[in-house]
Amino acid sequence: MERRSRSFYILAAFFTLFVLFLYGPIVTIGILSFQSPQGGLTFPMNGFSLHWFRDLFQEQAVGDIWGAFRRSFALGLMVMVTTVIVSVMAGLAFRKRFWGSGLLFYAAITSLVIPSILISLGVGLIFNQLGFKIHWATSGFGAQLTWTLPFGLLIMFAVFNRFDKSFEEAARDQGATAWQTIRYVVLPIIAPSLIGVALFGFTLSYDEFARTLLTAGSYNTLPLEIFGMTTNVTTPVIYALGTLTTAFSFAIIAAFLLGVWIVGKRRARHGSDAGKGV
Amino acid sequence: MGWLQAAPLALILLAFLIAPIVMIVIVSFWGATEFSIFPAFQFDNYEFLFSSPVTYRVFGATLKYAFITWALTLAIGFTTAYFLAFHVRSLTMQIALFLVCTIPFWTSNIIRMISWIPFLGRNGIANQTLISWGVIDEPLEWLLYSDFSVILAFVHLYTLFMVVPIFNTMMRIDKSLLEAARDNGASGFQTLVHVIIPLTKPGIMIGTIFVFTLVMGDFITVRFMSGSQRANVGRLISNDIGLMQYPSAAATAVVLLCTVLIVIAILLRFVNIRKEL
């Protein structure tokens, strides 16, 4: 193997610093959340305890964070399922030109780059003026989709740009209907990327703040609840909450990535099962 | 068939993207009392907006944040992507390190902001360390609740929006081009400037669009990291919303949206997004 150049070591050091920069702060609050009951918001550690985690389970200390967590989790699942289904359908549609396809594409891009507060404000205004009740599962749900769907769509573009059309042609030549071709050939082939779309759908919804701000109504989602805490909570309990919800995010991400990896392994061993059901 | 498959996306975007934008434009011409808003067609909100020196100052400050953040995320993002794409040799390692860079994207921005407090506070890690090294005698006051902390948080939150598209374009560069450059006697630096950077431009453009729009539309990072001591356009809007002055918030939002869309329209002239995926 070729010897590493000097620039490799400089760049590797740069990269290491970047990773430290990315993860250092979150590791720090992870450590500080074990602060003793007398300890403050920064170092030194005043001993070691689970005090602040216990506090999270007492409503008078932190408000209704478990209710907020349940709502965020439910909303995340709703957004995830909708994002996967709608993105796949749209991805299939965009493989051919159709009337208005250019317009719809630019709408999706606009949805991605529009300042989030505009969605929040606009959806809130519409619901108010039409007399609908603002609720996380209606207005909040729709507002979050404007953030997750463009990501889902862009992933589907990336997938279908690399998709070998001869599989479909083969299925059609063997007499499969349009629906059979999609169900038994296309979907099994793109399955691992769908796990990726689902990951985006769930996590972006679970952490979304700006688009839910004016569209969640009287029941807060978890990010809104956490932000509310930053203004009036001055103890490490907020670090404990941050640590716990970040750990939860990491677990979700790991589960999804593991899913992708397992599907890939099975495929390498058995070959794709695309076409088996036709 | 095509239309049927695209219909759900079209309907959702119509209801939750197009309709809200139209609504904001309409409401920006409405009037407001202290407690309610009423339909009207008047230019008062825009007149007030464009005649107030605050508007120009705040738009200027927002553009300044956007520009500084863009420059820093580009420098860091490009270097990181360059290392991953051209210096890490095995594909498995590339994917693993790439994931390390992207995982924070799927966690909470608010928590990532909060996590800077123990670092930057008056008695935070940065000040403690610098004092113990004897670099400073007094704790630095400008670390937290300042432009510095705002930009630091922006860079922390958004650099991966540069890394991902730049890495993506770099991975598609044909390696034989680099060999050809070397065979013709180009130094590593010359290859970088004359081959890699031109071929990476689409990725840089996409990253630029992301970072620019995220910073321009932000209101929470500036509020939180500056301890409400700095203003940007997003905060102007959210303050009006807090005071129930929706028409004035809507007018500011319209101007913000136009600013962002004009810049993106210019950037999009340089790149075809659908081809780059």
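**Exercise 1. Which residues in H1(B) meet which residues in H14(B)?**

Solution. The model is a predicted one, and the work begins with locating the two elements: helix H1 covers residues 2–27 of chain B, and helix H14 covers residues 246–268 of chain B. On the side of H1(B), the residues that take part are Ile24(B), Val25(B) and Val27(B), and they meet Tyr246(B), Pro247(B), Ala250(B), Ala253(B) and Val254(B) in H14(B). Sorting the residues of this contact by character gives 8 nonpolar, no polar and no charged.

The next step is the geometry, since two packed helices are described by the angle between their axes and the distance between the axes. For H1(B) and H14(B), the angle is about 115° and the axes are 7 Å apart, while the crossing is left-handed.

**Exercise 2. Explain why Ala249(B) counts as buried, and find what it is in contact with.**

Solution. First place the residue: Ala249(B) is found in helix H14 of chain B. Next apply the cut-off, by which a residue is buried if 20 or more other C-beta atoms lie within 10 Å of its own. Ala249(B) has 27 C-beta neighbours inside 10 Å, and therefore it counts as buried.

Then look at the contacts, leaving aside neighbours within four places in sequence: Ala249(B) is in contact with Leu121(A), Ile237(B), Asp240(B) and Ile241(B). Finally, compare sequence with space, where Ala249(B) and Ser28(B) are 221 residues apart in sequence and 7.5 Å apart from C-alpha to C-alpha.

**Exercise 3. Identify the residues that touch the most other members of the largest nonpolar core.**

Solution. The core holds 138 residues, and those touching the most other members are Leu121(A), Ile24(B), Val211(B), Ala250(B) and Ala253(B). By element, the largest share of this core comes from H7(A), which gives 13 residues.

Taking Ile24(B) as an example, and not counting residues up to four places away in sequence, one finds that it touches Leu118(A), Leu121(A), Gly122(A) and Leu125(A) in chain A, together with Ala250(B), Ala253(B) and Val254(B) in chain B.

**Exercise 4. Describe the side of chain A that touches chain B.**

Solution. Start with the count, in which 69 residues of chain A are in contact with 69 residues of chain B. Several helices of chain A give two or more residues to this side, among them H4 (65–93), H7 (136–161) and H11 (237–270). The helix that gives the most is H1(A), with 15 residues. By character, the residues of this side divide into 51 nonpolar, 16 polar and 2 charged.

**Exercise 5. Set out the overall make-up of the two chains.**

Solution. Chain A has 11 helices and 0 strands, whereas chain B has 15 helices and 2 strands. Of the 278 residues of chain A, 41% count as buried, and of the 277 residues of chain B, 42% do. The C-alpha atoms of chain A fill a box of roughly 75 × 70 × 35 Å along the principal axes, and those of chain B fill one of roughly 70 × 70 × 30 Å. Among contacts between residues at least 6 apart in sequence, 79% in chain A join residues at least 24 apart.

A last step turns to the record: an unreviewed UniProt entry places the feature "transmembrane region" at several stretches of chain A, including residues 184–204 and 237–263. In the model, residues 184–204 of chain A are 100% helix, with end C-alpha atoms 30 Å apart, and residues 237–263 of chain A are likewise 100% helix, with end C-alpha atoms 39 Å apart.

Conventions. Residues are numbered from 1 along each chain as its sequence is written. Chains are lettered from A and ligands numbered from 1 in the order in which they are written. This is a predicted model: local features need pLDDT of at least 70, side-chain atom pairs count only at pLDDT 80 or more; totals for chains, interfaces and linings use all residues. Axes are lines fitted to C-alpha atoms, for helices over the stretch in contact, and angles run from 0 to 180 degrees between N-to-C directions. Helices (H or I, at least four residues) and strands (E, at least two) are DSSP runs, numbered from the N terminus. A crossing is left-handed if the near helix is turned anticlockwise from the far one by less than a right angle, and right-handed if clockwise. Two residues are in contact if their C-beta atoms, placed from the backbone, lie within 7 Å. Ala, Val, Leu, Ile, Met, Phe, Trp, Tyr, Cys and Pro count as nonpolar, Asp, Glu, Lys and Arg as charged, and the others, Gly among them, as polar. A residue is buried if 20 or more other C-beta atoms lie within 10 Å of its own, exposed if 12 or fewer, and partly exposed in between; C-beta atoms are placed from the backbone. UniProt positions are given in the numbering used here, feature names are shortened, and annotations may be inferred rather than shown by experiment. A nonpolar core is a set of buried Ala, Val, Leu, Ile, Met, Phe, Trp, Tyr and Cys residues joined through C-beta atoms within 7 Å.
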